[in-house]
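Q: I am new to this structure and would like a careful look at a single part of it. Please take one strand and follow what it is joined to, including the loops beside it.

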Amino acid sequence: MPQGLKQTSSVVTVGFSVDETAANTFTEGVTDLNLSPLDREVFVVLAINMDPFYPEGVPGTDTAVSASLTSTSQTRVTNLSNPNCLAAAVNSIKAAGFVDGGVGFQTRLETPPANLDYIGIIATNDFFVQVEGEGNGLPKGVDGKIYGYRARAEASIYAALVQSEALSA
């Protein structure tokens, strides 16, 4: 348990699903955690499972579906170098230079290892999921779950978490 926090719920899972509004178009979805700011409630993230849709196999064309989950709104799919990014995933087919679309998928999920006490703390009410395809003919998307628990933060810890999250947006 992180210092300055008191767990107020058992582990909960929150599902999410975001679909592109059109093929190869950045789209962001928002999921409300229903946290109580009056009670200085935060969400301690234990694990994230993200499943981007598979890209299309287009002969001679690289295709991909990229996704990320962040604690603040973004203008593009991001990666773990962003301090607000809790997870990122990419499914891609590398087919440039090939005459068929038969090249295997490369799948990558970036999130800290599960042996940590927690991988992040969401101090504001929402988390954001971004998705964008590349080279696909149809819209793609991402499904997933975030695992964590609610906790009450000490006043100074809560203020620091909210300010840090808001200023780094």
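A: What follows is a walk along strand β10 and its surroundings, in a model that is predicted.

Strand β10 covers residues 141–153, and strand β1, which is made of residues 5–7, runs antiparallel to it and is joined to it by three bridges. Within this pairing, K6 has R152 of β10 as its bridge partner. Strand β2, residues 12–19, also runs antiparallel to β10, and here eight bridges join the two. An example from this second pairing is F16, whose bridge partner in β10 is G144. A further antiparallel pairing is that of β4 with β10, where 11 bridges are found. In that pairing V44 is matched with Y149 of β10. As general background to such pairings, side chains in a regular strand alternate between the two faces of the sheet.

The link between β4 and β10 can also be followed through side chains. E41 forms a salt bridge with R150, and the closest N and O atoms of the pair are 3.2 Å apart. Because E41 belongs to strand β4 and R150 to strand β10, this pair ties together parts that are 109 residues apart in sequence. The two partners can be described by their accessibility as well: E41 counts as buried, since its relative accessibility of 14% falls under 20%, whereas R150, with a relative accessible area of 23%, is partly exposed. In general terms, side chains of opposite charge can pair when their charged atoms come close.

The structure holds two salt bridges, and the other one to consider here is formed by the side chains of K140 and E56, with an N to O distance of 3.5 Å. K140 lies in the loop between β9 (126–134) and β10, while E56 lies in the loop between β4 and β5 (63–70), so this pair ties together parts that are 84 residues apart in sequence. Both K140 and E56 are buried.

The neighbourhood of P139 brings in another loop, the one between β2 and β3, where A23 has its place. Although A23 and P139 are 116 residues apart in sequence, their C-alpha atoms are 3.8 Å apart in space. Leaving aside residues up to four places away in sequence, A23 touches N136, G137, L138 and P139. With a relative accessibility of 25%, A23 counts as partly exposed.

One more loop deserves attention, namely the loop between β3 (27–32) and β4 (41–52), in which N34 is found. R40 lies in the loop between β3 and β4 as well. Most residues other than glycine have a negative phi, and against that background the backbone here calls for a closer look. N34 has a positive phi of about 55° although it is not a glycine, and R40, also not a glycine, has a positive phi of about 55°. In accessibility, N34 counts as exposed at 54%, while R40 is partly exposed, with a relative accessible area of 30%.

To draw the threads together, strand β10 is joined by bridges to β1, to β2 and to β4, and the salt bridge of E41 with R150 ties strand β4 to strand β10 through side chains as well.

Notes:
Residues are numbered from 1 along each chain as its sequence is written. This is a predicted model: local features need pLDDT of at least 70, side-chain atom pairs count only at pLDDT 80 or more; totals for chains, interfaces and linings use all residues. Side-chain values use heavy atoms; hydrogens and water are left out. Helices (H or I, at least four residues) and strands (E, at least two) are DSSP runs, numbered from the N terminus. Buried means under 20% relative accessible area, exposed over 50%, partly exposed in between (1.4 Å probe, protein chains only). Two strands pair if DSSP finds at least two bridges between them. Contact means heavy atoms within 4.5 Å. A salt bridge is a side-chain nitrogen of Lys or Arg within 4 Å of a carboxyl oxygen of Asp or Glu.
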